[in-house]
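Welcome! Take a moment to look over the sequence and turn the structure around before reading on. This short report walks through it one region at a time.

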Amino acid sequence: MMNYKSVHFTVDFDVDEKVLANVSNLLSKQPEPHPYIEPNASGYSFYFHTLDVKLLQRQSEALSKQDLFSGNGESEAKRANGVLHAILNEVNKIGSYGIKSGKRQYVDFNAERKVRNRKGKEKNRSQYYYAQENGFSESNNVLSSELVNRIICGDSFEVLKTLPNNSVDLIFTSPPYNFGLEYDSQTDTYFWERYFEELFAIFDECIRVLKYGGRIVVNIQPLFSDYIPSHHLVSNYFMKKKMIWKGEILWEKNNYNCKYTAWGSWKSPSNPYLKYTWEFLEIFAKGTIKKEGNSENADITADEFKKWVVAKWSIAPERNMKEFGHPAMFPEELASRVIKLFSFVGDVVLDPFNGVGTTTAVAQKLGRKFIGIDISQEYCVIAEKRLRPSLF
Ligand SMILES: C[S@@+](CC[C@H](N)C(=O)[O-])C[C@H]1O[C@@H](n2cnc3c(N)ncnc32)[C@H](O)[C@@H]1O
């Protein structure tokens, strides 16, 4: 016998046979086994297995249009639409379902999983084996109010030493890329070994100040033309330092105008040059993948959560870099998604390469405490100006 899931709904108008027939006809366009409605003592039950929710929404829009032409009163179309609305309302409250050919499967959606006893097997394999016996202290510290909500001008390697161990919830940053960009006060073309040595010394400090359970998210773009996979080198480094690699987000910038004529060896396999329209966000956790926090302080909505855990984010690059006077900013939308997905309201967010303060401006807007460090005085002044005045 086929299993169904059911929700209960009520409407504040009369659902006569005509309306029920109208709705049943619409539901017959849904994937099999078709959903159906049954009246009960306190309203109606809606039984369903797999739903094409977009189709339900389109049908509801079509009924609204029909209703516009039907004059005043409770038209049949209006009541049928009221029923669809009530159904959609209840169905959209359900957060767990599988997706199959674009339809939501609410029943047995785990049954077809190819790997049985997934949890047991994960345990046997030992998840993040490289981060065991990390020696990280589990005792976190609270930062005093003088240390937070600040933009600090200086070399992060030195400034970070002034912060206590285990005191920051989330670090989100984009290091200088070593591409030869014209930053205000800093060379951006070093021999790669020296670049990584200096970067990793700062990352060591980042790991130290991060809370147990805290996360560090590094936005990084490899220099493909030098054949340096910076995202892999950075990930390897953090893993060597016993941080858990929590995942990777592909930031699709859709900037197809990038070097479109640089083909390498044109029409020849001798040395074709690959092109990229995306960057990476590498995510690491200290000690545990689960972060302690009060669920009341989670400000991400259900829709945002569902969209953003699919780890390919299509976000246009920052368009106002000239206005801010910085050559390598990331857009506010990127910072906003990272902060809402990986931290709670009230957490401390740090950016050790804060530039003109995108991370700090967004962190403040989202009710987080923040610390932004940059070596350039000029960028720090701009970063402060982007903050809401209440704090300064
Ligand atoms: C890619 S940019 C970050 C831009 C930033 N995400 C934004 O949206 O404005 C890297 C920044 O690192 C800064 N920087 C380079 N070396 C540094 C260091 N040792 N300490 C602190 N900041 C540094 C540069 O001045 C530059 O602003």
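Let us begin with the ligand: the residues of the shell around it divide into 11 nonpolar, 7 polar and 2 charged. Keep in mind that this is a predicted model. Of the 20 residues around the ligand, those that come nearest are Ser 156, Met 329, Phe 353, Gly 355 and Thr 358. Two elements, α5 (156–159) and β14 (369–374), each supply at least two residues of this shell.

**Strand β14 and its partners**

Strand β14 deserves a second look. Is it enclosed or open? Of its 6 residues, 5 are buried, so β14 is largely enclosed by the rest of the structure. The table shows two strands that pair with β14.

| Strand | Direction relative to β14 | Bridges to β14 | A bridge pair |
|---|---|---|---|
| β7 (residues 150–153) | parallel | 4 bridges | Ile 152 with Ile 373 |
| β13 (residues 348–351) | parallel | 4 bridges | Val 348 with Lys 369 |

**The nonpolar cores**

Here is a helpful background idea: in soluble globular proteins, nonpolar side chains tend to be buried together. In this model, the largest nonpolar core has 51 residues, and the members that touch the most others are Ile 171, Phe 172, Cys 206, Val 217, Val 338, Ile 339 and Val 349. Helix α6 (residues 192–209) gives the most to this core, with 6 residues. Apart from this core lies another one of 16 residues, among them Phe 48, Leu 51, Leu 56 and Ala 80.

Which residues does Val 217 contact, leaving aside its neighbours within four places in sequence? They are Phe 172, Leu 281, Ile 283, Val 338 and Phe 342.

**A closer look at Ile 216**

Ile 216 is found in strand β9 (residues 210–220). Is Ile 216 buried or exposed? It has 25 C-beta neighbours inside 10 Å, and 20 or more are needed for a residue to be called buried, so Ile 216 counts as buried. If neighbours within four places in sequence are set aside, Ile 216 is in contact with Ile 171, Cys 206, Leu 210 and Phe 284. Ala 335 is 119 residues from Ile 216 along the chain, and their C-alpha atoms are separated by 13 Å.

**The domains**

Finally, step back to view the whole chain. The protein is divided into domain 1 (5–105) and domain 2 (141–391). The C-alpha centres of domain 1 and domain 2 lie 45 Å apart.

Note on methods:
Residues numbered from 1 in each chain as written. Predicted model: local features only at pLDDT ≥ 70, side-chain atom pairs only at ≥ 80, totals over all residues. Near = placed C-beta within 6 Å. Nonpolar A, V, L, I, M, F, W, Y, C, P; charged D, E, K, R; others polar. Domains from an automatic or database assignment. Core = buried A, V, L, I, M, F, W, Y, C linked by C-beta atoms within 7 Å. Buried ≥ 20, exposed ≤ 12 C-beta atoms within 10 Å, placed from the backbone. Contact = placed C-beta atoms within 7 Å. Pairing = 2+ DSSP bridges.
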